[in-house]
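Colleague: Could we go through this model together? I should like to begin with one charged pair and then turn to other topics.

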Amino acid sequence: MFDLNLLAKKLTGCRSRLEYSYLEIFERTGIKEDRLKAFEQAQIEPTGDEILILADFFREDYKYFISNQQSSASENTDSLYRQFGAEFTKEDRRTVQEFLYICECEADVWSLLEENKRSYKLPDRRFPINNEAEKIADEVRILLGYKQNELLQNIFDDFRMLGLHIFRRKLHNSNLSGIFIQHPVAGKCVLVNYSEDLYRQNFTVSHEVAHSIFDTNQRYNVSFTKDGKDIKEIRANRFAAGFLMPAAVLKKLKVSTWSEQILIKLAVQFQVNIIALLYRLKFLKLITQQDFDKFKGLKLPKALKEDPELKDLPSKIAFAKMQVLELGLSATYVRKCHEAYSKALISQSRLAEILLTSEHELQDVLALFNLKLVYEF
Amino acid sequence: MNSDITKLFLLNVIDSCSVWNILSSPIIYHASIQAGCYYAVTNYVGYECLYKKRQKKHDGAIITKLEKEIAAKKFTSCDITIDDLQEIGILKNRKNLGKGELSSIVFAKKTRQAFLTDDKKARALAKEVLGSEFVQTTPHLVGFCFYKRHLLDGDFNALIAEHQASLTSSWGDLSRFFKEAYVESLRIGLMERQI
C-alpha cells in the first residue's frame, strides 16, 4: 500500500531543506503550485511522471519517493543544517545536494564497472595519541603504493583509490573548506571548496580524508578555513601534513640556511602552500621561530599552482572546462561515467543525468575531456 | 540495418533524443506524419524537452515547434502512474537508463505501443521488456518512409543536408545510418521487383 503521508513528508523535507518556494519549483518543473501544495498535504497522489520530475529537480533517487525507504542521504544533512544552517546559503545547499547525488552516481558507476577499491581501515593496534595521525598517514601512503621519499602524483585520484567519493565544487561561503559526509548508499564522501586555491584544496582533501578515517562514528564533519583547537581538527591537520609532507623526507634535507627559493621549490614539489610547509618544518623542529616569522608572509606565485586539469589548454577551452570542474565533474569522474556508457552499461540519457547536464549539451561536455558519443544501430 | 524496414508500428512512444532527431528535420517529420505515424511523449519527456531545455536557453524555435505539435495533438502527452514505476524490472534498471527512457518504456508497455529511441542501451532494455518488434529507431523510420515511398530518392540529399544543419547544437550525426536505411530500402525494392 502506497503511503501518501510518507511521500508528503519527504517532499516537504526536500523543498524546505533546499529553501525553495512553490513558485520556484513550478517555474523549473511546470508542476503547478496548487498541485505541489496538495502533494505536501497528502491530498492527492502525484503521477509517476511528476515523481520522476521532482526526483530530477531535487536530485534524489526516485525510488526514495515511491518506497517506504525512511531516509535518504539528504535527510542526513538535516542535522548538519540544524548545526551549521547559517553557514550554508541556498546555493550552497543545492551544491551539497548535487554533491551527494553525484557521489551516489559514482558509487553506481563503480559498481557497474566492478571497480575494486583498496579501502583503508584503522589498525587494531593503537599508536600514541601525539603521533597517531602521522603513523596512519605513512600507512596510507604505503597502501597507495608510494615509497617513503616519493612525491605525490594526483592527490585526489590517490584518495579515490581508497573508495572515497571526492568532488571539488565551488561553495559561496568562502569560510567553508570542506565537508565529510557518510552517505547511506555511496559511503564516505568528501566535498572540497573549489573556490580555494589549488594547494589549499590539496591540504583540505587530505584533512577531510583524515576525518573519513578517524571520525567514522560521525555522520558528517564540516571544516572551516579557520578551525579552532578541536582535537579532531588538530589530528586531521597532522594527518594532512604527514601525508603531503612526510617527516622522513623533510628530515633528510640538508639545509643550513633557509631561503625563499628553497621554500618555494619545496612547496611546489609537495603541492602545498608556503605557510603549510613552514608549520610542518616548525613542527618537525627543522626551522627556527625566527625563520618561520621571516618567511610566513611569503606567497607562491599563482602561475606555479596551475590546476593539472586545465594545464596547457587554450584559454577558451580552459574557461569552459573550469565551469564544468566547478560543478564537480572531474576528469576521473567523467571518464568513468563515459566508460560505463561505452560499455553499454548505461544509456546516453543516463550519462547526461549523472553528468548534471542535458542530452543536448552532453557532447559539448564530453568534448572538453576528448570523449565522444557513440551511435550504433 | 539490423531491423526490418518493411514494417513499422505507427503508434510510438518517443524519448527526448528521438523527439529532436525527428522534429529537427521537417522532411523526416512530414514524411512520418504522411505515413500515419502518431507520437506520444510522457510528461517526463515533455519536462526534459520543454522545461529543462528552455532553462539552458537553447533552440527556442524547436521548443516552440514541439509545443505547437503537442497543442495540435500530433504529439500526445501522457502520464504513467506510481504503480507503473514500482514495477520490479523498471526499478532494477533505474540506474542504467535515463528517467525519460524509463517512463517511455513503461507507457509503451502499458498501452501496447512501440518505443522509439536512438539509444543503444535503452533499446536493449526495451527489447527485453516490450519484445524487439516494439522497439524502433529514427533510421528505421527513415528506411520505412523510403521503402513506402513517403520519401523519394530526390529527398535523400536534402534530408542529409537538413539533418547535418541541425547539428550546430552538437547533436549526434545520424547521416551514416540514414544512408544505410536508404540503401536498404533500395535493396529491398530491387529484390521485390525481381521477384
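Colleague: Is Asp78(A) buried or exposed, or in between?

Modeller: Asp78(A) is partly exposed, because its relative accessible area is 28%; buried means under 20% relative accessible area, exposed over 50%, and partly exposed in between, with a 1.4 Å probe and protein chains only. Please note that this is a predicted model, in which local features need pLDDT of at least 70 and side-chain atom pairs count only at pLDDT 80 or more, while totals for chains, interfaces and linings use all residues. Residues are numbered from 1 along each chain as its sequence is written, chains are lettered from A and ligands numbered from 1 in the order in which they are written, and side-chain values use heavy atoms, with hydrogens and water left out.

Colleague: Which side chain does Asp78(A) meet in a salt bridge?

Modeller: That of Arg17(A), at 2.7 Å from N to O. A salt bridge here is a side-chain nitrogen of Lys or Arg within 4 Å of a carboxyl oxygen of Asp or Glu. The two residues are 61 apart along the chain, Asp78(A) in helix H6 (residues 73-84) and Arg17(A) in helix H1 of chain A; helices (H or I, at least four residues) and strands (E, at least two) are DSSP runs, numbered from the N terminus.

Colleague: And Arg17(A), buried or exposed?

Modeller: Arg17(A) counts as buried because its relative accessible area is 6%. Among the residues that Arg17(A) touches are Glu60(A), Tyr81(A) and Arg93(A), leaving out those up to four places away in sequence; contact means heavy atoms within 4.5 Å.

Colleague: Changing topic: how many residues does each chain give to the contact?

Modeller: Chain B gives 50 residues and chain A gives 41 residues. Together the chains bury about 4200 Å², with 53% of it on carbon and sulfur atoms. Buried area is the accessible area (1.4 Å probe) that two parts lose on being put together, summed over both.

Colleague: Which three residues supply more of the area on chain B than any other three?

Modeller: Ile82(B), Lys95(B) and Lys99(B), with 18% of the area that chain B buries against chain A.

Colleague: How many salt bridges are there between the chains?

Modeller: There are seven between chain B and chain A, and the structure holds 36 over all chains. In one of those between the chains, Asp56(A) pairs with Lys99(B), with the closest N and O atoms 3.8 Å apart. Arg94(B) also forms a salt bridge with Asp61(A), at 2.7 Å between the closest N and O atoms. That pair runs from the loop between H6 and H7 of chain B to the loop between helix H4 (48-58) and helix H5 (62-66) of chain A. Arg94(B) is buried because its relative accessible area is 16%, and Asp61(A) is buried because its value is 16%.

Colleague: Which residues are linked in a network of salt bridges?

Modeller: The network includes Asp56(A), Asp61(A), Glu104(A), Arg350(A), Lys52(B), Arg94(B) and Lys99(B).

Colleague: One last topic: where is Arg169(A) found?

Modeller: Arg169(A) lies in strand E1 (residues 165-169) of chain A, and it counts as buried because its relative accessible area is 5%. Its C-alpha atom is separated by 5.5 Å from that of Leu327(A), although the two residues are 158 residues apart along the chain. The residues that Arg169(A) touches include Thr95(A), Phe99(A), Tyr194(A) and Leu356(A), not counting those up to four places away in sequence.
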